[in-house]
Every structure is written in structure tokens, then in C-alpha cells.
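The following exercises guide a reader through one protein chain. Each sets a task and then gives a solution in steps.

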Amino acid sequence: MKQRTHARLPLCFGKRGIAALAILICLLFPLTALAFPPAETPLMDGIDVSVWQGEVDFEQVRAAGVEVVYIRAGEGDNHTDPWLERHYASAQKAGMKIGFYHFVNARTTQDAQKQARFFLSLIGGKQAQLRPVIDMGDMSGLTDSEITAIAQAFLSEVEALSGQKGAIYIDASGARDILNASLAQYPLWVANYGVSEPEGNGKWNGWAGWQYTNQGRVSGVNGYVDRDYFNQAMFLEESTVTPPVDPPKQDDNLITVTVRRGDTLRAIAARYDTTADSIARINDLPNPNLIFPGQKLVVRRGWTPAARYIEYTVQAGDTLSALAARYGTTVDSIVALNHITDPNRITTGQKLRIAVNNQDAVYVVQRGDTLSQIAHWSGLSLRELVRANGIRDADRIYPGQRILLNP
């Protein structure tokens, strides 16, 4: 493939052609507002794939000029992407440049180290040209410092066991608002849609990967696929076979169950003291309402998620009883969470933490909100919010927008 060079002036030229709207944006906003250059040039076209893409014809992908593919290895400390082996074999046969990423949902640094070992056990013996990547996907319910510590623990463990320095995947607002500058030692793969150049974050001096859309089209892939640009900063010094690593001891509460006639996901969840959402997520079920007798499902027994929370700014006319009804909680819960002394007195502009429990809960975006913050407050991952709400650009939400919190 002919490698791309990165046009810097003006920002609105190149990449995907010239559009009147893009030109208007360049005229209205200073270049420095968006100026966040790649760490190095030239650039290479890439995609990233997982079970959601299913069968991929990498020969066609390569013929279309796409050189690089990042393949999801798995999630957490127990879930292997069902298409990992097939995607890897097909991409390698097609002569693609390959990297692997892992969706992390750790809650402690010990969890992060365990998930790093599981990640390496999945890609051990496989050849890669690009850095191993932590996908900062589900960090809900954690503080910014906890998230930074988890990322550092994961990447340190990967480097200690494999000798490979990793990289970080996160959306632009997460890089700006959540991660500590100490992580800038690792190359950044940033998701930022609908812009001519990724937005700066004040921590990294340049990006190594840019996921510029989640609705790309490429020959050889059925449906949408994430499209990316990568530069040399994402590459290992040389093509490397990841050394084998023994997987961590598995959770004794993880079991495999066989779907019985008449079963629903909710019925199975009740049987094993868990949630339908947990089962759907562990098994990558695209449609939780479609399961069939004889199907094997991995279930984590006795697991229920922590309550989801939002941070709400009181509007004129709000009352605690109305807010409790709206979010499927109780006045007592809101009072306790916010140490309110008089339930009959809340003030416009006051910030309240509210537990969200009902199936139809929504959050109305307030001025200054980011989708990463809403995901953080609500106990959902950014990807879940994007998918559930049909959001095309995770960095562009507006005051008054209604965000579904129970996808």
C-alpha cells in the first residue's frame, strides 16, 4: 500500500476529501484548537476487529489498501473473543500487519495484573508487529486516580512478562479528563470522530493511532468496521512472537450452563443469582432475546453489578420525589447518598448523586458534561452508551440531550 503522509496545513484538507462543512469549521475555529499531530509520519490505514465483525476476508481488506489490523483478544480475566484465532490466521495469511488489544474491566490493580496475564496467555505464540493495547473500555464506578493506576498496572505487567511496551486506547475526552499525564510514556491510540484531526489533551504531544470512525466500510468486511490511522509509534521495534504465559487461575464462580427449552436469559440469571446483562456481556450475545436449547453459556454465579449512579444538576422545579420516580429509586436513597438534612429543600444548580435502577432511566445532558463522565457516573462503558443511544461521535453531545442509561 502507498503510505499516507499527514497534511498539516490546512487541517481541513486531506484524509477524507474536502467538504464545505469542514472548511467552515476551519474558518470558525483556530487551528490550535484541534492541532494534535501524529507522533510520527507516514500514516498507514488500519481497522480493528472483534466478534462483532464475524467473518472477515482479509485478502480483500489488504487489496483495498488497508495494511494494519488490531484484533481483540478478549475481555477481563476469562473471556476469549470467539473470533480471535480465525481473525489472526486469516490476517496473517493475507500479510497484514497485526496487533492485539484487550478490553479491560478491572476494579483493582490486582485485577489489572490478572487480566494482563490472561491477555498474554491468549496471544502467546502469535506474531505481532504492533504494540499490545489496553482498551480502556469499562472503568465505571472508579475514580480518575484508580483508573490511571489500573492502566499502569496492566501495562507494567504486560511489559514485565512479554518485554513489549504497550499502548493505550481511549476516547479523546477520556484522555483529556480522566487519565493522568504519567501515562503519556505509552503511545496513545485515540478515538475521536467527526474531526479533521484528533483533539489535544494536554498530556500526549502526539497520537500513535487515531480511530476516526466506528462506521467505516471496507471490502471484505460485512457491515460497519472501525477505521484507523496508525504511525510508526504504534509498532514494535521488530516483528515479535509473544512468549507463552500461563493463564491466571480462573474464578471458581464461572461455570458453563446449557440452555434448556423454555429458558430466557432472565430465568437463567435468576437461577444463578446474577443478571441477564452480565451473561449477555460475557458471551458477546448480540441479541439477548435470542438463545436456543443446547446453547452453552458462561455464567458468573452470585454476581450482581454495583448500583449505577449519575451526577445530576438540580433544575428549577425539581423535587426529590420527582427525581426518585424518574430514576427508579427512592427519596431516602438520594438523601442518604447526598447527606441531605432537609429533603424538602434542594436548590437550583445543586449537584446530586442518584442511583439508577429502572429499565427506562435516562440522563439529560447538562452543560459541561462529557459522555466519558456520564459513563463513569452511570456504571456503563462508553461503548455501551454509544451503541444504546446511536451516538456517532462520542465527543459531541449537547445540553438537553437524553441519554439512555439501561441499554
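Rings of Phe, Tyr and Trp, with the six-membered ring taken for Trp, form a pair if their centres lie within 6.5 Å. The model examined here is predicted.

**Exercise 1. State which residues the ring pairs link into a cluster, and describe the pair formed by Y70 and W189.**

Solution.

Step 1. Ring pairs join Y70, Y101, Y169, W189 and F230 into a cluster. The structure holds 11 aromatic pairs.

Step 2. A pair of aromatic rings is described by the distance of the centres and the angle of the planes. For Y70 and W189 the centres are 4.8 Å apart and the planes differ by 35°. Planes under 30 degrees apart count as stacked and those over 60 as edge-to-face, with the rest called tilted; the pair of Y70 and W189 is therefore tilted.

Step 3. Y70 belongs to strand β2 (residues 68–75) and W189 to strand β8 (residues 188–191), so their pair ties together parts that are 119 residues apart in sequence.

Step 4. Y70 is buried, its relative accessible area being 0%. W189 is also buried, at 1%.

**Exercise 2. Classify the pair of W207 and W210, and determine whether its members are buried or exposed.**

Solution.

Step 1. The ring centres of W207 and W210 lie 5.8 Å apart, with 65° between the planes, and the pair is edge-to-face.

Step 2. Buried means under 20% relative accessible area. W207 has 0% and is therefore buried. W210 has 2% and is therefore buried.

**Exercise 3. Identify the rings over which the charged ends of K126 and K165 sit.**

Solution.

Step 1. K126 places its charged end over the ring of Y88, 5.8 Å from the ring centre.

Step 2. The charged end of K165 sits over the ring of Y186, at 4.4 Å from its centre.

**Exercise 4. Examine the loop between α2 and β1: which peptide bond is cis, and what lies across from P38 and L43 in space?**

Solution.

Step 1. The loop runs between α2 (31–34) and β1 (44–49), and P42 lies in it. The cis peptide bond is the one from T41 to P42, with omega near 5°.

Step 2. P38 is placed in this loop as well. P38 counts as buried, at 10% relative accessibility. Its C-alpha atom is separated by 4.6 Å from that of W207, although the two residues are 169 apart along the chain.

Step 3. L43 is also found in the loop between α2 and β1. L43 is buried, with a relative accessible area of 0%. From C-alpha to C-alpha, L43 and F230 are 5.5 Å apart in space, while 187 residues separate them in sequence.

**Exercise 5. Describe the surroundings of L84.**

Solution.

Step 1. L84 is in helix α4 (residues 84–93). With a relative accessible area of 2%, L84 is buried.

Step 2. Apart from neighbours within four places in sequence, the contacts of L84 are I71, R72, A73, F100, L122 and K126. For F100, the C-alpha atoms are 9.3 Å apart, and the separation from L84 in sequence is 16 residues.

**Exercise 6. Find which members of the largest nonpolar core touch the most other members, and list what I168 touches.**

Solution.

Step 1. In soluble globular proteins, nonpolar side chains tend to be buried together.

Step 2. The largest nonpolar core has 59 residues, and I47, F58 and I168 touch the most other members.

Step 3. With residues up to four places away in sequence left out, I168 touches V133, I134, M136, L155, L179, L183, Y186, P187, L188, W189 and W204.

Step 4. Another core, of 25 residues, lies apart from the largest one; its members include I340, I374, L382 and L405.

**Exercise 7. Summarise the chain as a whole and state where pLDDT stays under 50.**

Solution.

Step 1. The chain has 13 helices and 17 strands. It comprises 407 residues, of which 51% count as buried.

Step 2. Among contacts between residues at least 6 apart in sequence, 69% join residues at least 24 apart.

Step 3. The chain exposes about 18700 Å², and carbon and sulfur atoms supply 50% of this area.

Step 4. The mean pLDDT is 82, and 83% of the residues reach 70 or more. Over residues 1–34 pLDDT stays under 50; for these residues the model has 46 contacts beyond four places in sequence.

Terms used:
Residues are numbered from 1 along each chain as its sequence is written. This is a predicted model: local features need pLDDT of at least 70, side-chain atom pairs count only at pLDDT 80 or more; totals for chains, interfaces and linings use all residues. Side-chain values use heavy atoms; hydrogens and water are left out. Helices (H or I, at least four residues) and strands (E, at least two) are DSSP runs, numbered from the N terminus. Buried means under 20% relative accessible area, exposed over 50%, partly exposed in between (1.4 Å probe, protein chains only). A charge sits over a ring if NZ of Lys or CZ of Arg is within 6 Å of the ring centre and within 35 degrees of the ring normal. Contact means heavy atoms within 4.5 Å. Accessible areas come from the Shrake-Rupley method with a 1.4 Å probe; for residues, only the protein chains shown count as cover. pLDDT is the predictor's confidence in each residue, from 0 to 100. A nonpolar core is a set of buried Ala, Val, Leu, Ile, Met, Phe, Trp, Tyr and Cys residues joined through side-chain atoms within 4.5 Å.
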